[in-house]
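Colleague: I'm new to this one, so could you walk me through it and tell me how each label is earned?

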Amino acid sequence: MSSPMQSSSPLHSIDRKRLAELTEREEKRFIAERPKSKALFDRARASLLDGVPMNWMVKWAGPFPVFVEEAKGSRFIDVDGIEYVDLCLGDTGAMTGHSPDAAADAIAAQARRGLTFMLPTEDSIWVGEELVRRFCMPYWQFTLTATDANRFSIRLAREITQRQFVLVFNYCYHGTVDESFASLLADGSVGPRRGNIGPPVNPAATTKVVEFNDLAALEASLASRDVACVLAEPVMTNVGIIHPDAGYHAALRDLTRRYGSLLILDETHTICAGPGGYTREHSLEPDMFVIGKPLASGIPAATYGFTREVAERIVKRIHIEDCDTGGIGGTLAGNAMSLAAMRATLENVLTPAAFARMIPMAERFERGVAATIAGAKLPWHVTRLGCRAEYQFRATPPRNGAEAVAAMDFPLERFLHLHALNRGVLMTPFHNMALMSPATSEGDVDRHTRAFGEAVRELIG
């Protein structure tokens, strides 16, 4: 769903000088209020590259990241004692809310019984049965990340189709999968996506790229019958939320079947649509299904499933003697701790009742942001998918990745995020996404609405 700004009045533009001045003011406030985070960051720079344990953490708004002391539910407290409403939620990894009791108890109990054995536990069967029920795929395997689940799915698709190429959508994101770090260049050819670090080969050798919602380009790419699989989110989420056109998924499924390509749906983010993801909500029929991040309440865990036909084709191609040397699996995949956490999460946390609370919170967020945009006469809009919502700096929702990227404004985004952070609200650092957990309250959402309204009023004077 989306709420584009509609008004017959003139649209406001952003004064860049004012934006820079406001950002400088917010940076000074950020530093002054967080001396302990600043001290820890200075200390970290002696042993951690750029002062952070993972390179993405340099992208948080502000001169240094906030260091967390503890978190519970929809909120966390930093080392300076400041409490925040968390609308990032680990970019979906903590969509369950931080340390939900059922998962925390199961994790603690399993820690005392053993963490990893490279042998199955009964929890793996329970989780497999639950995944069959939720997502309607008959067979499953486990990994530690959705990246691995996507990577393994691609390898299996290539093996059983004996085809070379993977097809992805322009500006997609599927974790750190080499084949997906490709984009359309200005001349329409395929090349490395901006920021792609050390690609092993030019992605044009492995990947075809088309724009989302462009059925003609999709068919043209599939018609050569050399595409092993289409890897897609059912709704694009990593350059803002981009919904499919009406009838797009039916056509995607028809074209992949017609030209013999497998369809892999990555629901790592779009699980926000409901307990069975977008696939279950809209009765989609992929050949393979991937999900990670929130499945174990923050413990590394992911899974990929496949149809009976795909399973039969896999079994015919893989021999027991070679099963551990083919680039699929890993010694920690399917470990006892991950499976215990997944069972607790699926059984007690990411339930239909939880989504019945989460989705109305996202609707409330959407209404609040839309009202602010309309009142300020800004050419922006807000879009929602289930319990996830996002605002973008264009008047109408984008239909594809190129349109979404063209509307991005990094300095404006950083100001809005820093302004919110200084008022106790954490947004996702990569774009303007807010995610609701089962613990997110109306008060949490309204805090963002007030902060967003204040920031917009200051921007337009």
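Modeller: Sure, and let's start with a definition: buried means under 20% relative accessible area, exposed means over 50%, and partly exposed is in between (1.4 Å probe, protein chains only). The model is predicted, so local features need pLDDT of at least 70 and side-chain atom pairs count only at pLDDT 80 or more, while totals for chains, interfaces and linings use all residues. Residues are numbered from 1 along each chain as its sequence is written, and side-chain values use heavy atoms, with hydrogens and water left out.

Colleague: Why is Cys88 called buried?

Modeller: Its relative accessible area is 4%, and the cut-off is under 20%, so Cys88 counts as buried.

Colleague: How do you know that Cys88 is in no disulfide?

Modeller: A disulfide is a pair of cysteine sulfur atoms within 2.5 Å. For Cys88, the nearest cysteine sulfur is that of Cys387, and it is 13 Å away. In fact the structure holds zero disulfides.

Colleague: What about Cys272: why does its sulfur make no bond with the one in Cys387?

Modeller: The closest cysteine sulfur to that of Cys272 is indeed in Cys387, but at 5.2 Å it is too far for a bond. Cys272 has a relative accessible area of 0%, so it is buried as well.

Colleague: What makes a group of residues a nonpolar core?

Modeller: You need buried Ala, Val, Leu, Ile, Met, Phe, Trp, Tyr and Cys residues joined through side-chain atoms within 4.5 Å. The largest one here has 112 residues, and those with the most contacts inside it include Phe365, Trp380 and Cys387. Helix α11 (residues 352-376) gives the most to this core, with eleven residues. A second, separate core of eleven residues includes Phe41, Phe64, Cys88 and Leu421. In general, nonpolar side chains tend to be buried together in soluble globular proteins.

Colleague: You said helix; what makes a stretch a helix or a strand?

Modeller: Both are DSSP runs, numbered from the N terminus: helices are H or I with at least four residues, strands are E with at least two.

Colleague: Which residues does Phe365 contact?

Modeller: Contact means heavy atoms within 4.5 Å. Leaving aside neighbours within four places in sequence, Phe365 is in contact with several residues, among them Leu87, Met427, Met436 and His448.

Colleague: Why does Leu421 count as buried?

Modeller: Leu421 has 6% relative accessibility, so it counts as buried. This residue lies in helix α13 (residues 410-421). Beyond its neighbours within four places in sequence, its contacts include Phe30, Ala61 and Tyr84. Leu421 and Val85 are 336 residues apart in sequence, yet 9.1 Å apart in space, C-alpha to C-alpha.

Colleague: How do you know that the buried residues of α2 are on the same side?

Modeller: In helix α2 (residues 35-44), Ser37, Phe41 and Ala44 are buried. They cover an arc of only 60° around the axis, which puts them on the same side of α2. The arc is that of the directions from the helix axis to the C-beta atoms. On the other side of α2, Lys36 and Arg43 are exposed.

Colleague: Now the strands: why are β2 and β16 said to stand at the edges?

Modeller: Two strands pair if DSSP finds at least two bridges between them. Four strands form an open sheet in the order β2-β3-β4-β16, with mixed pairing. β2 (68-72) and β16 (425-426) each have a single partner strand, so one side of each is left without a neighbour in the sheet.

Colleague: What makes β2 and β3 a pair?

Modeller: They are joined over four bridges, in the antiparallel sense, and at least two are needed. One example is Val68, whose bridge partner in β3 is Asp78.

Colleague: Which other sheet should I look at?

Modeller: Look for the seven strands of an open sheet, in the order β5-β13-β12-β11-β10-β6-β9 and with mixed pairing. Its edge strands are β5 (139-143) and β9 (207-210), each pairing on one side only. Inside the sheet, three bridges join β6 to β10, running parallel, and four join β10 to β11, also parallel. Four more bridges join β12 (residues 288-291) to β13 (residues 302-306), which run antiparallel.

Colleague: And why is β10 described as mostly covered?

Modeller: Six of its six residues are buried.
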